[in-house]
Amino acid sequence: MNPRAGHSVIAVPVPDLDDVVRDRTIRYDSSYLSTDPAFVHAHITLLGPWLDAPTEEDLQTVAGVLATEPTFAFVLAEVREFADGIVHLVPEPRDPFARLTARLAESFPQTPPYSGRYLELVPHLTLEHRITGATAAGLRAELGSLLPLRAQADRVDLQWWANDDCHVRHTWRLGR
């Protein structure tokens, strides 16, 4: 996949951490800063990359999955680093995110989570990458009083990520 071409992501936005993630995005690639006021950079991916050009039927399929899932509270408190260098926050509980990912992946087998690159899927909110010099310990200290962050998952966005063109393509509400 050509990263400059862009990709779509079905994600739970986390607006309370958007300033933190936006500030980090500026450091490594400001072309991914969105001017769309609905776009939330801080998010937990449910399925991505997803379809580049979903049909109305595809959007309705996602709506059907999300309509049967209630809104839920979660907490972001633990900063970790994956082996590939992604420094992230882990949501608790993880089960609602994992369940949504599994149901969406089942509905769209042609778009496996993360293109099928990982055997184990770990719900997470990406903060930064160690290639920028970031560490889990450093970010833990920097985030300090922001954590633990209590949040509510009540909406899911279809986000488009491309250089100079990040925007929301569709929004659904959980449990509706």
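This tour moves through a predicted model, from its nonpolar interior to one helix and then to its salt bridges.

Begin with the interior by selecting Ile10 and Leu125, which touch the most other members of the largest nonpolar core, a set of 42 residues. Keep Ile10 selected and display its contacts: leaving aside residues up to four places away in sequence, Ile10 touches Thr45, Leu46, Leu47, Trp50, Val62, Leu104, Val156, Asp157, Leu158 and Trp172. A second core, separate from this one and made up of seven residues, can be found by selecting Ala11, Phe39, Trp161 and Val168, which are among its members. In soluble globular proteins, nonpolar side chains tend to be buried together.

Next, select residues 95-107, which form helix H3. This helix of 13 residues reaches 18 Å from its first C-alpha to its last, close to the 18 Å expected at 1.5 Å a residue. Colour its buried residues, which are Pro96, Phe97, Leu100, Thr101, Leu104 and Ala105. These residues lie on the same side of H3, because they cover an arc of only 160 degrees around the axis. Turn the view to the face directed away from that buried side, and the exposed residues Asp95 and Glu106 appear there. To see what the buried residues of H3 pack against, add strand S1 (7-13), strand S2 (43-47), helix H2 (56-67), strand S3 (72-81) and strand S4 (86-92) to the display.

Now turn to the charged side chains, where the structure holds eleven salt bridges. Select Glu142 and Arg27, whose side chains meet in a salt bridge with an N to O distance of 3.9 Å. This pair links distant parts of the chain, since Glu142 belongs to helix H4 (residues 136-143) and Arg27 to helix H1 (residues 18-28), 115 residues apart. Glu142 counts as partly exposed at 48% relative accessibility, whereas Arg27 is exposed, with a relative accessible area of 53%. Add Arg24 and Glu128 to the selection, and the network of salt bridges that links them with Arg27 and Glu142 comes into view.

Move on to Arg80 and Glu78, which form a salt bridge whose closest N and O atoms are 2.6 Å apart. Arg80 is partly exposed at 32% relative accessibility, and Glu78 is also partly exposed, with a relative accessible area of 36%.

Finish with Arg155 and Asp157, whose side chains meet in a salt bridge at 2.7 Å, N to O. Is Arg155 buried or exposed? Arg155 is buried, with a relative accessible area of 18%, and Asp157, at 0% relative accessibility, counts as buried too. Asp157 also returns the tour to its beginning, being among the residues that Ile10 touches.

Technical notes. Residues numbered from 1 in each chain as written. Predicted model: local features only at pLDDT ≥ 70, side-chain atom pairs only at ≥ 80, totals over all residues. Heavy atoms only, no water. Core = buried A, V, L, I, M, F, W, Y, C linked by side-chain atoms within 4.5 Å. Buried < 20%, exposed > 50% of the residue type's maximum accessible area, 1.4 Å probe, protein only. Contact = heavy atoms within 4.5 Å. Helix = DSSP H or I, 4+ residues; strand = E, 2+ residues; numbered from the N terminus. Expected span 1.5 Å × (residues − 1). Arc of directions from axis to C-beta. Salt bridge = Lys/Arg side-chain N within 4 Å of Asp/Glu carboxyl O.
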